[in-house]
Amino acid sequence: LTEDPKLHGMQEEELLGMVSKFAQPSQKGQPLQPQLAASINYLTTYQLQEQVISDTTAKYLAPENCVSLNVPTVNTPIWGNISPGIRAQELKIQKILKLLTSGITAFARSVDGADMTEEQQDVLALFCNAQYEINCFRKSSIRPTLNPIFAGLCKASNI
């Protein structure tokens with residue numbers, strides 16, 4: 001901190017005193033078991049190998065009675081009318097959704113749906129809402145590039 005030339009020799013205590021009123025308090029929950037925390041920190045920092053992702057997601061296909069866990073693709077007529085940049089973004093989002101829906105499926109298979117704890121219910125609700133939000137983002141990203149005739153297909157209510 002004090003080695004930054006922009007600070008012109010200010011002492012760390014002076015600097016912290018000045019900026020402390022702008023600091024946002026960080027709320028933290030109870031610590032996790034150390035090995036689990038280390039695994040989570042690693043997995044959220046480094047990308048898995050494509051083969052590992054492919055093998056893992058293949059184990060957790062969307063259940064036949066949960067059609068909302070199928071990753072939707074863009075209709076062919078619409079796909080042909082969106083820009084290459086939006087297409088590239090859409091493919092990345094589909095990849096993210098595939099990971100998320102496979103995770104939701106894996107989680108759902110690991111719990112007893114009739115006897116879920118409150119924490120398990122929260123996990124399921126948060127993951128499912130993340131999927132909903134990503135789908136809404138997808139549609140809102142595509143909508144401005146479409147002919148008005150197709151724009152209605154990208155309403156959040158049509159997910």
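# A helical protein, question by question

User: What share of the contacts in the protein with a separation of 6 or more comes from residues 24 or more positions apart?
Analyst: Quick heads-up: this is a predicted model, where local features need pLDDT of at least 70, side-chain atom pairs count only at pLDDT 80 or more, and totals for chains, interfaces and linings use all residues. Residues are numbered from 1 along each chain as its sequence is written, and side-chain values use heavy atoms, leaving out hydrogens and water. A contact means heavy atoms within 4.5 Å. Among contacts with a separation of 6 or more, the share from residues 24 or more positions apart is 59%.

User: How many helices does the protein have?
Analyst: Helices (H or I, at least four residues) and strands (E, at least two) are DSSP runs, numbered from the N terminus. Along the sequence the pattern reads α-α-α-α-α-α-α. There are zero strands, and the helix count is seven.

User: Does the end-to-end distance of α6 agree or disagree with its expected span, and what is that distance?
Analyst: Expected span is 1.5 Å times one less than the number of residues. Because α6 has 25 residues, it should span 36 Å. The two agree: the end C-alpha atoms of α6 are apart by 36 Å.

User: Which helices do the buried residues of α6 pack against?
Analyst: Buried means under 20% relative accessible area, exposed over 50%, and partly exposed in between (1.4 Å probe, protein chains only). In α6, the buried residues are Q131, N135, C136, R138, K139, S141 and I142. Their packing partners are α4 (76-79) and α5 (84-110).

User: Which residues make up the largest nonpolar core?
Analyst: In soluble globular proteins, nonpolar side chains tend to be buried together. A nonpolar core is a set of buried Ala, Val, Leu, Ile, Met, Phe, Trp, Tyr and Cys residues joined through side-chain atoms within 4.5 Å. Leaving aside neighbours within four places in sequence, V74 is in contact with W79, E90, Q94, R138 and I142. The largest core has six residues: V74, I78, I82, I86, I142 and L146.

User: Where does E90, the salt-bridge partner of R138, sit?
Analyst: A salt bridge is a side-chain nitrogen of Lys or Arg within 4 Å of a carboxyl oxygen of Asp or Glu. The side chains of R138 and E90 meet in one (2.1 Å, N to O). The pair links distant parts of the chain, 48 residues apart, with R138 in helix α6 and E90 in helix α5. Both R138 and E90 are buried, and the home of E90 is helix α5.

User: How many residues apart in sequence are the parts that K95 and E50 tie together?
Analyst: The side chains of K95 and E50 meet in a salt bridge (2.8 Å, N to O). K95 lies in helix α5 and E50 in helix α3 (residues 50-58), so the pair ties together separate parts of the chain. K95 is partly exposed at 37% relative accessibility, and E50 is partly exposed at 46%. The separation in sequence is 45 residues.

User: Is S102 buried or exposed, and at what relative accessibility?
Analyst: S102 is found in helix α5. Leaving aside neighbours within four places in sequence, S102 is in contact with T57 and Y60. S102 counts as buried because its relative accessibility is 4%.

User: How far apart in space are R143 and I78, C-alpha to C-alpha?
Analyst: R143 is found in the loop between α6 (118-142) and α7 (148-151). At 31% relative accessibility, R143 counts as partly exposed. R143 and I78 are 65 residues apart in sequence, and their distance in space is 9.9 Å.
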